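User: I'm in my first year and would love a close look at one part of this model. Could you pick a single spot, walk me through it, and then show how it fits with what lies around it?

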Amino acid sequence: MTIFNYSFMQNAIFVSVFISILCPCIGIFLVLRRYSMIGDTLAHASLAGVTIGLLLNQNPILGAFVFTSICGALIEFLRSYFKKYTDLILTIVLSLSVGTAITIISSGKLHVNADSFMFGSILTVTHFDMIMVLILSVISVLTLILLYHQMVYIAYDEEAAKVAGVKVRLINYIFSILVASAISVSIRIVGVLVLSSMIALPVATALQLGKGFKLTLVFSIVFSVIDIMLGLFISYYLNVAPGGFTALISVAVLVFVLLAKKLQSSIRTARCK
Amino acid sequence: MLMIKAENLFFSYTGSSPYVLDGIDLEIRDGEYVSVVGENGSGKSTLMRLILNFIKPTSGSIVPQTKRIGYVPQKNDFSNSSFPITVYEVLNSYRRLLKIKNKDIITEALEQVGLLSVKGSLMGTLSGGQSQKIRIARALMGNPDLLILDEPSTGVDIGSQKEIYSFLKKINKENGITVVSVEHNLNAAISNSTLIYHLTCGQGHLCTPQQYTDEFMKNGGKSNDNIQL
Ligand SMILES: Nc1ncnc2c1ncn2[C@@H]1O[C@H](COP(=O)(O)OP(=O)(O)O)[C@@H](O)[C@H]1O
Ligand SMILES: [Mg+2]
């Protein structure tokens with residue numbers, strides 16, 4: 001019997017496929033707009049959402065999605081009041097989220113263990129989780145395809161986008177819901193603590209290849225699939241949490257690509273001499 | 001026909017005094033090539049943002065008389081060369097934003113500025129002059145009546161500057177596109193435009209290049225920096 005025969009593993013692989021597509025799709029916009037820290041803040045918000053969901057006897061992923069969406073919209077809203085202090089806004093939302101999560105977890109009122117959402121786990125994916133992941137992923141990917149050119153332009157040249165009639169604020173709100181969606185889909189397997197690495201690292205790796213936007217996005221997804229699948233299988237055999245190991249692999253892949261690039265350019269200079 | 005009309009326009013970023021623009025009245029007729037000059041921080045870019053309706057006047061009004069406006073934003077540190085995007089993608093996504101069906105417009109836009117050869121290149125690998133020409137070509141894709149540029153010669157080599165200004169002159173004369181261009185390059189302002197709008201201390205004043213030169217000589221050349229006549 002191989003590990004593929006275990007239904008928990010099949011569930012985990014199913015969810016991982018969606019994680020590895022969704023995270024880089026929103027990650028590329030976050031990274032290029034220098035908003036990576038928003039990903040991190042919203043990841044912590046999702047932990048508060050999980051605990052609220054568990055407290056109310058609702059599905060934790062649903063709880064994460066609702067609460068993270070609200071926090072995403074709140075960040076977008078506060079941004080117009082604290083224009084030049086994005087990091088301050090993030091601190092406010094982070095305090096609210098972590099405060100909520102710690103209070104609920106330490107109250108002892110949860111009948112389930114919230115640890116698996118911190119570190120990620122492959123054993124705990126339920127059927128209802130899979131349905132949530134499927135719905136959120138399909139809607140998110142369709143929205144991304146629909147708004148692709150507008151989002152590219154908001155990231156690349158916001159003023160030119162405005163002149164062309166792009167409703168920048170509206171799309172920013174929609175985007176924060178997409179971020180919430182990607183995070184909610186990912187927390188089960190990847191865990192809160194390393195979620196931001198899944199959002200940023202595959203994109204950072206793809207950026208090293210020096211391609212155009214669409215190809216950079218495609219390579220981000222490729223690296224993301226490699227990171228998550230390797231992370232999943234190796235962590236299973238080592239019997240460690242998948243979140244941590246996935247993060248380690250994504251750093252390793254980035255370093256590998258950087259070294260390959262370095263090697264290539266030194267071969268080129270050597271040839272010229 | 002009027003292209004831009006500003007009446008008793010006041011603007012401040014804080015909503016109260018001091019005003020960046022302190023009671024502006026301005027009429028620009030269509031077919032003009034207006035260079036907007038003034039010292040750093042005099043409110044030139046702010047005036048452009050008001051025309052484009054990015055920001056609203058604190059009081060008074062400023063209204064362009066057309067909806068078809070092309071804009072070449074001021075280059076800042078953020079229009080960074082590390083953004084992963086090709087020339088084709090820059091133009092094609094813009095085409096999609098403008099809801100233009102015909103893809104040929106991309107080739108036409110590139111041919112217009114003589115840069116068909118860089119279609120597949122990354123924006124970040126182009127020279128300052130090349131990328132500025134792409135930005136101008138992009139602004140013209142919507143077939144605008146009014147083209148607004150903010151310091152178009154920043155970061156552009158002298159050769160390309162000449163090409164850009166003669167191109168702007170050409171589309172102004174031949175296609176009748178009204179051009180409003182913020183200029184720190186006074187030589188370009190004087191030799192290319194039909195009118196010069198001088199902003200200082202929140203007030204503006206419109207004159208011909210000849211009048212501007214005369215006034216400038218009278219002031220002993222101290223009102224502005226890098227002029228060589
Ligand atoms: N977004 C902003 N918020 C607050 N003040 C601003 C903003 N943009 C510009 N200013 C201020 O308004 C004044 C005019 O700026 P600007 O229109 O950019 O001048 P110019 O383009 O002529 O150099 C400057 O004093 C500048 O510091
Ligand atoms: Mg300016």
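Analyst: Let's start at K99(B), just after α2(B), where the backbone takes a positive phi of about 60 degrees. Please keep in mind that this is a predicted model.

Now step back to the helix itself. α2 of chain B spans residues 87-97. Of its 11 residues, 9 are buried, so the helix is largely enclosed by the rest of the structure. If you want to find them on screen, the buried ones are V87(B), E89(B), V90(B), L91(B), N92(B), S93(B), Y94(B), R95(B) and L97(B). What does the covering of these residues include? Some of it comes from the other chain: α6 (127-156), α7 (158-163) and α10 (213-238) of chain A are part of the cover. Chain B contributes too, with α3 (104-112) and α4 (128-139).

Where does this helix sit in its own chain? The domain assignment splits chain B into domain 1 (1-68 + 144-229) and domain 2 (76-143), and the range 87-97 of α2(B) falls within domain 2. The C-alpha centres of the two domains are 25 Å apart. They do touch each other, with 16 residues of domain 1 in contact with 11 residues of domain 2.

Follow the chain back from α2(B) and you meet a loop that runs between β5 (69-72) and this helix, and Q74(B) lies in that loop. Q74(B) offers its OE1 atom to the magnesium ion, ligand 2. The other protein donor is OG of S45(B), and the two donors lie 2.0 to 2.7 Å from the ion. S45(B) belongs to helix α1 (residues 44-51) of chain B, 29 residues away from Q74(B), so the pair links distant parts of the chain. Their surroundings can be compared through accessibility: S45(B) is buried because its relative accessible area is 15%, below the 20% cut-off. Q74(B), at 32%, counts as partly exposed.

S45(B) also leads us to ligand 1. An N or O atom in its side chain is 2.8 Å from an oxygen atom of ligand 1. Backbone atoms take part here as well: one from G41(B) lies 2.8 Å from a ligand 1 oxygen, and a polar one from S42(B) lies 3.3 Å from a ligand 1 oxygen. Among the other residues around ligand 1 are Y13(B), V20(B), E39(B), K44(B), T46(B) and R49(B).

Finally, let's zoom out to the packing. In soluble globular proteins, nonpolar side chains tend to be buried together. Here the largest nonpolar core has 119 residues, and F29(A), I189(A), F213(A), I134(B) and L147(B) touch the most other members. Helix α1 (residues 7-32) of chain A gives the most to this core, with 15 residues. The core also draws at least three residues from each of the two domains of chain B. A second, separate core of 28 residues includes F11(B), I28(B), L47(B) and L199(B).

I189(A) makes a good example to click on. Apart from its close sequence neighbours, this residue is in contact with residues including A12(A), V15(A), I19(A), F119(A), I122(A), L232(A) and P242(A).

Notes. Residues are numbered from 1 along each chain as its sequence is written. Chains are lettered from A and ligands numbered from 1 in the order in which they are written. This is a predicted model: local features need pLDDT of at least 70, side-chain atom pairs count only at pLDDT 80 or more; totals for chains, interfaces and linings use all residues. Side-chain values use heavy atoms; hydrogens and water are left out. A nonpolar core is a set of buried Ala, Val, Leu, Ile, Met, Phe, Trp, Tyr and Cys residues joined through side-chain atoms within 4.5 Å. Buried means under 20% relative accessible area, exposed over 50%, partly exposed in between (1.4 Å probe, protein chains only). Helices (H or I, at least four residues) and strands (E, at least two) are DSSP runs, numbered from the N terminus. Domain bounds come from an automatic or database domain assignment. Contact means heavy atoms within 4.5 Å. Donors are N, O and S atoms within 2.8 Å of the metal (3.2 Å for Na, K and Ca); water is not among the atoms, so sites may look incomplete. A residue is near a molecule or strand if one of its heavy atoms lies within 4 Å of it. A polar contact is a pair of N or O atoms within 3.5 Å; within protein, one must be able to donate a hydrogen and the other to accept it, and residues adjacent in sequence count only if both atoms are side-chain atoms. Lists of a residue's contacts leave out its neighbours within four places in sequence.
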